[in-house]
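Let's walk through this protein together, one question at a time. Keep the viewer open and follow along.

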Amino acid sequence: GSSGDNGARHGGGRAFTVRVRDKFVDATLMQPLIPKTTPPAFPIDPAVTVATPNDLFFYHEGEKGKTRGGKSEKVASVAGPNTRYVVLGCGKTGMDTIVYLVKKMGVSPDQITFVVPNDVWIFNRFPPGYMSSPGKGSPFDYTHELLKHDGDRDKVFSLLEEEGVFLRFDEKVKPTRLRFAVISKRELRVIKSVKRVVRRGRVKEIRIVEDDSSH
């Protein structure tokens with residue numbers, strides 16, 4: 001690779017310069033974007049209350065939420081039996097959020113809209129035979145099968161689904177992504193109880209419209 005100077009910034013805010021002698025590797029390329037620290041990248045109607053999964057947790061926990069800033073109180077101001085929730089994204093965080101809303105907060109699945117940009121393959125937390133074969137159903141199974149079948153991903157997904165290693169949200173919709181999320185069938189049933197699912201790609205804007213039939 002080419003050499004040169006590259007700027008960097010220490011966690012304390014102090015800037016410095018690093019001279020690259022051989023190759024520069026950007027280790028932040030696959031850095032995850034966490035809702036708690038990453039603001040939405042699209043415009044949102046001011047009348048819409050935006051909260052992270054952490055905000056829901058601290059709101060539900062009661063007094064503890066009051067020590068975490070203003071968002072928990074903001075959730076409290078709108079939470080109620082008629083509140084409608086929109087969960088963005090179908091990664092592990094989105095899955096956990098739906099389970100928490102339904103099982104912990106007692107929210108009806110009819111009050112939840114699930115935005116699924118891309119359906120995903122999910123690892124079954126308790127695949128058949130996991131008790132007698134420790135480690136069965138781990139991400140390593142996927143890697144081993146992929147090597148065994150010359151990198152044929154579709155074939156491997158189908159085989160592991162037949163073995164109960166992989167799960168999906170909807171049997172009629174073929175997943176196009178693998179994010180290595182792990183859930184149980186019980187949790188999946190909770191997620192499937194949400195019937196208002198939007199599959200139209202990624203969100204570009206959130207706004208309130210007068211027609212209640214538009215979601």
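Q: What percentage of the 215 residues in the protein chain is buried?
A: This is a predicted model, and a residue counts as buried when its relative accessible area is under 20%. The accessible surface of the chain comes to about 14,700 Å², with 53% of that belonging to carbon and sulfur atoms. Of the 215 residues, the buried share is 27%.

Q: Which element of the protein chain has the lowest mean pLDDT, and which the highest?
A: Across the protein chain the pLDDT averages 83, and 83% of the residues score at least 70. Where pLDDT is low, predicted coordinates should not be read in detail. Strand β1 (residues 4-9) has the lowest mean, 56, while the highest, 97, belongs to α6.

Q: What pattern of helices and strands does the protein chain follow along the sequence?
A: There are 6 helices and 8 strands to place. Contacts also link distant parts of the chain: of those with a separation of 6 or more, 62% are between residues 24 or more positions apart. Read along the sequence, the pattern is β-β-α-α-β-α-β-β-α-α-β-β-α-β.

Q: In the open sheet with mixed pairing, what is the order of the 3 strands?
A: Strand β5 (residues 120-124) pairs with β7 in the parallel sense over 4 bridges, and with β6 in the antiparallel sense over 2 bridges. β6 (166-167) and β7 (177-183) each have a single partner strand, so they stand at the edges with one side lacking a neighbour in the sheet. The order is therefore β6-β5-β7.

Q: Which residue of β7 stands opposite Asn-124?
A: To trace the strand pair, begin with Val-120, which stands opposite Arg-177 in β7. On the other partner strand, Ile-122 has Leu-167 of β6 as its bridge partner. Opposite Asn-124, the residue in β7 is Ile-183.

Q: Which strands of the mixed sheet does helix α3 touch?
A: Helix α3 (residues 92-104) packs on this sheet, and its direction makes about 40 degrees with that of β7. One of the strands it touches is mostly covered, with 5 of its 5 residues buried. The strands in contact with α3 are β5 and β7.

Q: Which element supplies the largest share of the largest nonpolar core?
A: In soluble globular proteins, nonpolar side chains tend to be buried together. Here the largest such core has 26 residues, and those with the most contacts inside it include Met-95, Leu-101, Phe-114 and Ile-191. At least two residues come from each of β3 (85-88), α3, β4 (112-115), β5, β7 and α6 (185-192). The largest share, 6 residues, is supplied by α3.

Q: Which residues does Leu-101 contact, leaving aside its neighbours within four places in sequence?
A: Leu-101 is among the residues with the most contacts inside the largest core. With those sequence neighbours set aside, its contacts are Leu-56, Tyr-85, Val-87, Gly-106, Val-107 and Ile-112.

Q: How many residues are in the second, separate core?
A: Look for Trp-121, Tyr-142, Phe-157 and Leu-160, which are included in this core. It is separate from the largest core, and its residue count is 9.

Q: In the open sheet with parallel pairing, which are the edge strands?
A: The order of the 3 strands is β3-β4-β8. β3 and β4 pair in the parallel sense over 4 bridges, and Leu-88 stands opposite Val-115 in β4. From one strand to the next, the twist averages 20 degrees. The strands that pair on one side only are β3 and β8 (196-198).

Q: Is Asp-150 buried or exposed?
A: Asp-150 is found in the loop between α4 (139-148) and α5 (153-162), and its phi is near 55 degrees. Most residues other than glycine have a negative phi, which makes this positive value worth a look. Exposed means over 50% relative accessible area, and at 75% Asp-150 is exposed.

Q: Where does Phe-180 lie?
A: Phe-180 has a positive phi of about 65 degrees although it is not a glycine. With 42% relative accessibility, Phe-180 counts as partly exposed. Its place is in strand β7.

Key:
Residues numbered from 1 in each chain as written. Predicted model: local features only at pLDDT ≥ 70, side-chain atom pairs only at ≥ 80, totals over all residues. Heavy atoms only, no water. Buried < 20%, exposed > 50% of the residue type's maximum accessible area, 1.4 Å probe, protein only. Contact = heavy atoms within 4.5 Å. Areas by Shrake-Rupley, 256 points an atom, 1.4 Å probe, with all protein chains shown as cover. Pairing = 2+ DSSP bridges. Axes fitted to C-alpha atoms, helices over the stretch in contact; angles between N-to-C directions. Core = buried A, V, L, I, M, F, W, Y, C linked by side-chain atoms within 4.5 Å. pLDDT = per-residue confidence, 0-100.
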